[in-house]
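Reader: I would like a close look at one part of this protein, the way its strands are arranged and covered. Please set out the whole briefly, then go into that part in detail.

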Amino acid sequence: MTNKVFLNGQFVDEQDANVPYNDRGYNFGDGIYEYIRIYDNTLFTVKEHFERFLRSASELNIDLDETIESLTDKVKKLAEVNNVENGGVYIQVTRGAAPRDHAFPGPDVKPQMMAFTRSYGRPVEKLENGINAVTVEDIRWLRCDIKSLNLLGNVLAKEYAVKYNADEAIQHRGETVTEGASSNVYAIKDGVVYTHPTNNYILNGITRRVIKAVAEEQEIPFKEETFTVDFLKQADEIIVSSTSVEVMPVIKLDGEAVGNGEVGPITRQLQKGFEQKIEESH
(Lines give C-alpha, C1' and ligand atoms only; values in the text may rest on other atoms or scores of the structure.)
Protein backbone atom coordinates (compact mmCIF):
# COMPACT_ATOMS: atom_id res chain seq x y z
CA MET A 1 0.00 0.00 0.00
CA THR A 2 1.32 3.45 -0.95
CA ASN A 3 1.60 5.93 1.90
CA LYS A 4 -0.13 9.25 1.61
CA VAL A 5 1.55 12.60 2.08
CA PHE A 6 -0.30 15.73 3.14
CA LEU A 7 0.55 18.49 0.67
CA ASN A 8 -1.18 21.87 0.77
CA GLY A 9 -4.55 20.56 1.88
CA GLN A 10 -4.55 17.33 -0.13
CA PHE A 11 -3.64 13.73 0.65
CA VAL A 12 -1.52 12.53 -2.28
CA ASP A 13 0.48 9.36 -3.01
CA GLU A 14 4.06 9.80 -1.82
CA GLN A 15 5.49 9.43 -5.35
CA ASP A 16 3.31 12.36 -6.42
CA ALA A 17 4.31 14.66 -3.55
CA ASN A 18 6.38 17.17 -5.52
CA VAL A 19 7.25 20.76 -4.64
CA PRO A 20 8.26 23.63 -6.97
CA TYR A 21 11.96 24.08 -7.80
CA ASN A 22 11.79 27.65 -6.45
CA ASP A 23 10.28 26.77 -3.08
CA ARG A 24 12.13 28.83 -0.48
CA GLY A 25 12.55 25.79 1.74
CA TYR A 26 14.59 24.19 -1.05
CA ASN A 27 16.50 27.36 -1.97
CA PHE A 28 17.12 28.87 1.47
CA GLY A 29 15.99 26.47 4.19
CA ASP A 30 13.34 29.12 4.77
CA GLY A 31 10.84 27.19 6.85
CA ILE A 32 9.99 25.33 10.03
CA TYR A 33 9.07 21.81 11.10
CA GLU A 34 7.88 19.62 13.94
CA TYR A 35 8.03 15.89 14.61
CA ILE A 36 5.33 14.33 16.79
CA ARG A 37 5.43 10.84 18.29
CA ILE A 38 2.49 8.47 18.00
CA TYR A 39 1.95 5.83 20.70
CA ASP A 40 -0.96 3.41 20.29
CA ASN A 41 -2.86 5.75 17.94
CA THR A 42 -2.33 8.73 20.26
CA LEU A 43 -0.43 11.89 19.29
CA PHE A 44 1.84 12.46 22.30
CA THR A 45 2.18 16.06 23.57
CA VAL A 46 0.68 17.33 20.30
CA LYS A 47 -0.51 20.60 21.84
CA GLU A 48 2.98 21.48 23.03
CA HIS A 49 4.48 20.62 19.65
CA PHE A 50 2.11 22.86 17.77
CA GLU A 51 2.48 25.70 20.27
CA ARG A 52 6.19 25.60 19.46
CA PHE A 53 5.44 25.26 15.73
CA LEU A 54 3.34 28.41 15.74
CA ARG A 55 5.98 30.24 17.78
CA SER A 56 8.64 29.26 15.22
CA ALA A 57 6.42 30.58 12.43
CA SER A 58 5.95 33.84 14.29
CA GLU A 59 9.68 34.24 14.96
CA LEU A 60 10.38 33.87 11.22
CA ASN A 61 7.44 36.08 10.19
CA ILE A 62 5.77 33.23 8.30
CA ASP A 63 2.09 34.11 8.08
CA LEU A 64 0.57 30.75 8.97
CA ASP A 65 -3.21 30.83 9.04
CA GLU A 66 -3.53 27.82 11.34
CA THR A 67 -4.44 26.99 14.93
CA ILE A 68 -3.30 24.22 17.23
CA GLU A 69 -6.64 22.54 16.59
CA SER A 70 -6.47 22.77 12.79
CA LEU A 71 -2.90 21.48 12.69
CA THR A 72 -3.76 18.62 15.04
CA ASP A 73 -6.69 17.66 12.86
CA LYS A 74 -4.46 17.49 9.76
CA VAL A 75 -1.78 15.24 11.24
CA LYS A 76 -4.33 13.06 13.00
CA LYS A 77 -6.14 12.41 9.71
CA LEU A 78 -2.84 11.68 7.98
CA ALA A 79 -1.87 9.13 10.64
CA GLU A 80 -5.29 7.49 10.26
CA VAL A 81 -5.03 7.41 6.45
CA ASN A 82 -1.64 5.69 6.71
CA ASN A 83 -2.71 3.37 9.55
CA VAL A 84 0.12 4.49 11.84
CA GLU A 85 -0.47 3.05 15.30
CA ASN A 86 3.09 3.58 16.55
CA GLY A 87 5.58 5.89 14.91
CA GLY A 88 5.66 9.57 14.14
CA VAL A 89 4.47 12.37 11.90
CA TYR A 90 6.70 15.06 10.39
CA ILE A 91 5.14 18.38 9.38
CA GLN A 92 6.89 21.21 7.56
CA VAL A 93 5.97 24.69 6.36
CA THR A 94 8.05 26.88 4.05
CA ARG A 95 7.55 30.54 3.25
CA GLY A 96 6.39 29.52 -0.23
CA ALA A 97 7.49 29.32 -3.85
CA ALA A 98 8.80 32.49 -5.48
CA PRO A 99 11.62 33.70 -7.76
CA ARG A 100 14.90 33.28 -5.90
CA ASP A 101 15.64 36.41 -3.90
CA HIS A 102 17.00 36.64 -0.37
CA ALA A 103 14.35 39.15 0.69
CA PHE A 104 10.88 37.91 1.62
CA PRO A 105 8.43 37.66 -1.30
CA GLY A 106 5.23 39.68 -1.33
CA PRO A 107 2.02 38.75 0.53
CA ASP A 108 0.64 37.00 -2.56
CA VAL A 109 3.12 34.15 -1.97
CA LYS A 110 1.52 31.65 0.40
CA PRO A 111 3.24 29.17 2.73
CA GLN A 112 3.62 25.59 1.53
CA MET A 113 2.69 22.81 3.98
CA MET A 114 3.77 19.18 3.83
CA ALA A 115 3.50 16.25 6.26
CA PHE A 116 4.39 12.56 6.17
CA THR A 117 4.33 9.64 8.61
CA ARG A 118 6.60 6.78 9.66
CA SER A 119 5.74 3.57 11.50
CA TYR A 120 8.23 2.19 14.03
CA GLY A 121 8.46 1.01 17.61
CA ARG A 122 10.18 2.39 20.68
CA PRO A 123 14.01 2.05 20.83
CA VAL A 124 13.70 -0.45 23.67
CA GLU A 125 17.15 -2.06 23.44
CA LYS A 126 19.01 1.26 23.51
CA LEU A 127 16.79 2.61 26.28
CA GLU A 128 17.70 -0.45 28.32
CA ASN A 129 21.43 -0.60 27.55
CA GLY A 130 22.43 2.95 26.65
CA ILE A 131 24.32 4.50 23.74
CA ASN A 132 27.72 5.99 22.91
CA ALA A 133 28.23 9.70 22.26
CA VAL A 134 31.03 12.04 21.23
CA THR A 135 31.61 15.75 21.83
CA VAL A 136 31.92 18.28 19.01
CA GLU A 137 32.11 22.06 18.66
CA ASP A 138 28.69 23.71 18.15
CA ILE A 139 28.91 25.62 14.84
CA ARG A 140 25.19 26.33 14.36
CA TRP A 141 23.50 29.71 13.98
CA LEU A 142 22.42 31.67 17.05
CA ARG A 143 18.67 31.05 16.92
CA CYS A 144 18.58 27.38 17.87
CA ASP A 145 15.34 28.06 19.77
CA ILE A 146 13.55 28.20 16.39
CA LYS A 147 12.83 24.77 14.92
CA SER A 148 13.87 25.82 11.44
CA LEU A 149 14.94 23.84 8.39
CA ASN A 150 18.51 25.15 8.76
CA LEU A 151 20.01 21.91 10.02
CA LEU A 152 23.36 21.66 8.24
CA GLY A 153 25.30 22.19 11.48
CA ASN A 154 23.27 19.40 13.10
CA VAL A 155 23.85 17.16 10.07
CA LEU A 156 27.62 17.67 10.21
CA ALA A 157 27.64 16.94 13.96
CA LYS A 158 25.61 13.76 13.48
CA GLU A 159 27.90 12.61 10.68
CA TYR A 160 30.87 13.18 13.02
CA ALA A 161 29.18 10.87 15.52
CA VAL A 162 28.62 8.23 12.83
CA LYS A 163 32.30 8.45 11.86
CA TYR A 164 33.27 7.46 15.39
CA ASN A 165 30.61 4.75 15.77
CA ALA A 166 28.51 6.84 18.15
CA ASP A 167 24.75 7.42 18.24
CA GLU A 168 24.84 11.11 19.12
CA ALA A 169 27.13 14.14 19.04
CA ILE A 170 26.97 16.39 22.11
CA GLN A 171 27.74 19.95 21.07
CA HIS A 172 29.54 22.69 22.98
CA ARG A 173 30.23 26.39 22.35
CA GLY A 174 33.72 26.85 23.71
CA GLU A 175 33.59 24.90 26.95
CA THR A 176 29.82 25.24 27.47
CA VAL A 177 27.71 22.22 26.58
CA THR A 178 24.59 23.19 24.61
CA GLU A 179 22.68 20.19 23.21
CA GLY A 180 22.97 17.16 20.98
CA ALA A 181 22.83 17.10 17.19
CA SER A 182 19.20 16.01 17.51
CA SER A 183 18.57 16.01 21.26
CA ASN A 184 18.75 17.87 24.54
CA VAL A 185 21.52 16.91 26.97
CA TYR A 186 21.54 16.32 30.74
CA ALA A 187 24.40 15.73 33.16
CA ILE A 188 23.49 14.00 36.43
CA LYS A 189 25.85 14.54 39.35
CA ASP A 190 25.23 13.62 43.01
CA GLY A 191 21.54 13.06 42.32
CA VAL A 192 21.03 16.45 40.61
CA VAL A 193 19.99 16.78 36.95
CA TYR A 194 21.68 19.64 35.08
CA THR A 195 20.65 20.89 31.64
CA HIS A 196 21.26 24.03 29.60
CA PRO A 197 18.72 26.80 30.25
CA THR A 198 16.15 27.58 27.57
CA ASN A 199 17.51 30.44 25.50
CA ASN A 200 18.56 30.98 21.90
CA TYR A 201 21.39 28.43 22.13
CA ILE A 202 19.12 25.38 22.41
CA LEU A 203 15.72 24.14 21.32
CA ASN A 204 13.26 23.87 24.18
CA GLY A 205 12.53 20.20 23.58
CA ILE A 206 9.06 18.85 24.24
CA THR A 207 10.55 15.69 25.74
CA ARG A 208 12.79 17.97 27.82
CA ARG A 209 9.66 19.58 29.26
CA VAL A 210 8.19 16.18 30.12
CA ILE A 211 11.44 15.14 31.82
CA LYS A 212 11.42 18.35 33.84
CA ALA A 213 7.84 17.67 34.95
CA VAL A 214 8.71 14.09 35.90
CA ALA A 215 11.74 15.26 37.90
CA GLU A 216 9.61 17.76 39.81
CA GLU A 217 6.96 15.13 40.56
CA GLN A 218 9.59 12.69 41.81
CA GLU A 219 11.44 15.41 43.75
CA ILE A 220 14.62 14.95 41.72
CA PRO A 221 16.57 18.25 41.75
CA PHE A 222 16.48 19.74 38.23
CA LYS A 223 18.78 22.69 37.55
CA GLU A 224 18.60 24.64 34.30
CA GLU A 225 22.09 26.10 34.20
CA THR A 226 25.13 25.87 31.97
CA PHE A 227 27.91 23.37 32.57
CA THR A 228 31.23 22.59 30.91
CA VAL A 229 32.50 19.67 28.88
CA ASP A 230 34.73 18.71 31.83
CA PHE A 231 31.70 18.67 34.14
CA LEU A 232 29.85 16.48 31.65
CA LYS A 233 32.74 14.03 31.51
CA GLN A 234 32.75 13.80 35.31
CA ALA A 235 29.00 13.17 35.52
CA ASP A 236 27.61 10.09 37.24
CA GLU A 237 25.02 9.71 34.47
CA ILE A 238 24.31 11.37 31.12
CA ILE A 239 21.02 11.50 29.25
CA VAL A 240 20.02 12.78 25.83
CA SER A 241 16.35 13.22 24.98
CA SER A 242 14.15 13.83 21.96
CA THR A 243 10.79 12.88 20.53
CA SER A 244 12.36 9.84 18.83
CA VAL A 245 14.81 8.61 21.50
CA GLU A 246 12.78 9.53 24.62
CA VAL A 247 14.94 9.41 27.79
CA MET A 248 18.12 7.90 26.36
CA PRO A 249 21.07 6.99 28.61
CA VAL A 250 24.62 7.65 27.41
CA ILE A 251 27.03 5.10 28.86
CA LYS A 252 30.16 6.08 26.94
CA LEU A 253 31.40 9.55 25.97
CA ASP A 254 34.41 10.13 23.71
CA GLY A 255 35.39 6.51 24.23
CA GLU A 256 35.33 6.68 28.05
CA ALA A 257 32.76 5.13 30.37
CA VAL A 258 30.19 7.46 31.93
CA GLY A 259 30.11 6.81 35.68
CA ASN A 260 30.41 3.07 36.17
CA GLY A 261 29.55 2.41 32.52
CA GLU A 262 26.00 1.30 33.26
CA VAL A 263 22.61 3.00 33.13
CA GLY A 264 22.17 4.82 36.42
CA PRO A 265 19.32 5.00 38.96
CA ILE A 266 18.21 8.59 38.22
CA THR A 267 17.98 7.76 34.53
CA ARG A 268 15.83 4.74 35.36
CA GLN A 269 13.53 6.88 37.51
CA LEU A 270 13.09 9.40 34.71
CA GLN A 271 12.48 6.67 32.15
CA LYS A 272 9.81 5.12 34.33
CA GLY A 273 8.15 8.49 34.87
CA PHE A 274 8.24 9.24 31.13
CA GLU A 275 6.58 5.91 30.34
CA GLN A 276 3.87 6.77 32.85
CA LYS A 277 3.25 10.03 30.98
CA ILE A 278 2.79 8.03 27.78
CA GLU A 279 0.25 5.80 29.51
CA GLU A 280 -1.60 8.79 30.91
CA SER A 281 -1.91 10.34 27.44
CA HIS A 282 -4.14 7.53 26.14
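Author: The protein has eight helices and 15 strands; both are DSSP runs numbered from the N terminus, with helices being H or I over at least four residues and strands E over at least two. The model is predicted, so local features need a pLDDT of at least 70 and side-chain atom pairs count only at pLDDT 80 or more, while totals for chains, interfaces and linings use all residues. Residues are numbered from 1 along each chain as its sequence is written, and side-chain values use heavy atoms, with hydrogens and water left out.

First, the whole. The radius of gyration of the protein is 19 Å, which agrees with the value near 19 Å for a compact globule of 282 residues; the radius is taken over C-alpha atoms, and the globule rule is 2.2 Å times the number of residues to the power 0.38. Along the principal axes, the C-alpha atoms fill a box of roughly 55 × 40 × 35 Å. Of the 282 residues, 50% are buried (under 20% relative accessible area; exposed is over 50%, and partly exposed is in between, with a 1.4 Å probe and protein chains only). Among contacts with a separation of 6 or more, 71% join residues 24 or more positions apart, a contact meaning heavy atoms within 4.5 Å.

Now the sheet. Six strands form an open sheet, in the order 2-1-6-5-3-4, with antiparallel pairing; two strands count as paired if DSSP finds at least two bridges between them. Strand 2 (10-13) and strand 4 (42-43) are at the edges and have a single partner strand each, so one side of each has no neighbour in the sheet.

Strand 5, residues 87-94, is mostly covered, with eight of its eight residues buried. G87, V89, I91 and V93 point one way, G88, Y90, Q92 and T94 point the other way, and all are buried. Strand 3 (residues 31-39) runs antiparallel to strand 5 and is joined to it by eight bridges; here I36 stands opposite V89. Strand 6 also pairs with strand 5 in the antiparallel sense, over eight bridges, and Q112 of strand 6 stands opposite T94. Strand 6 (residues 112-119) in turn pairs antiparallel with strand 1 (residues 4-7) over two bridges, where A115 stands opposite F6.

The loop between helix 3 (68-81) and strand 5 holds N83. N83 has a phi near 55°, a positive value in a residue other than glycine. Its relative accessibility is 54%, so N83 counts as exposed.

R24 lies in helix 1 (residues 24-28). With a relative accessible area of 3%, R24 is buried. Leaving aside residues up to four places away in sequence, R24 touches G29, D30, R95, G96, D101, H102, A103, F104 and P105. From C-alpha to C-alpha, R24 and L43 are 29 Å apart in space, with their positions 19 residues apart in sequence.

Some strands with higher numbers can be described in a similar way. Strand 8 (residues 168-173) has six of its six residues buried, so it is largely enclosed by the rest of the structure. Its two faces are both covered: E168, I170 and H172 are buried on one side, and A169, Q171 and R173 on the other. Strand 7 (residues 131-137) runs parallel to strand 8, and five bridges join them. One pair of bridge partners is V136 with Q171 of strand 8.

I239 is in strand 13 (residues 237-242). The relative accessible area of I239 is 0%, so it is buried. Apart from residues up to four places away in sequence, I239 touches N184, V185, Y186, I188, V247, M248, T267 and L270. The C-alpha atoms of I239 and S183 are 9.5 Å apart, although the two residues are 56 positions apart in sequence. Strand 10 (184-189) is followed by a loop to strand 11 (192-195), and D190 has its place in that loop. D190 is not a glycine but has a positive phi of about 55°, and its relative accessible area of 67% makes D190 exposed.
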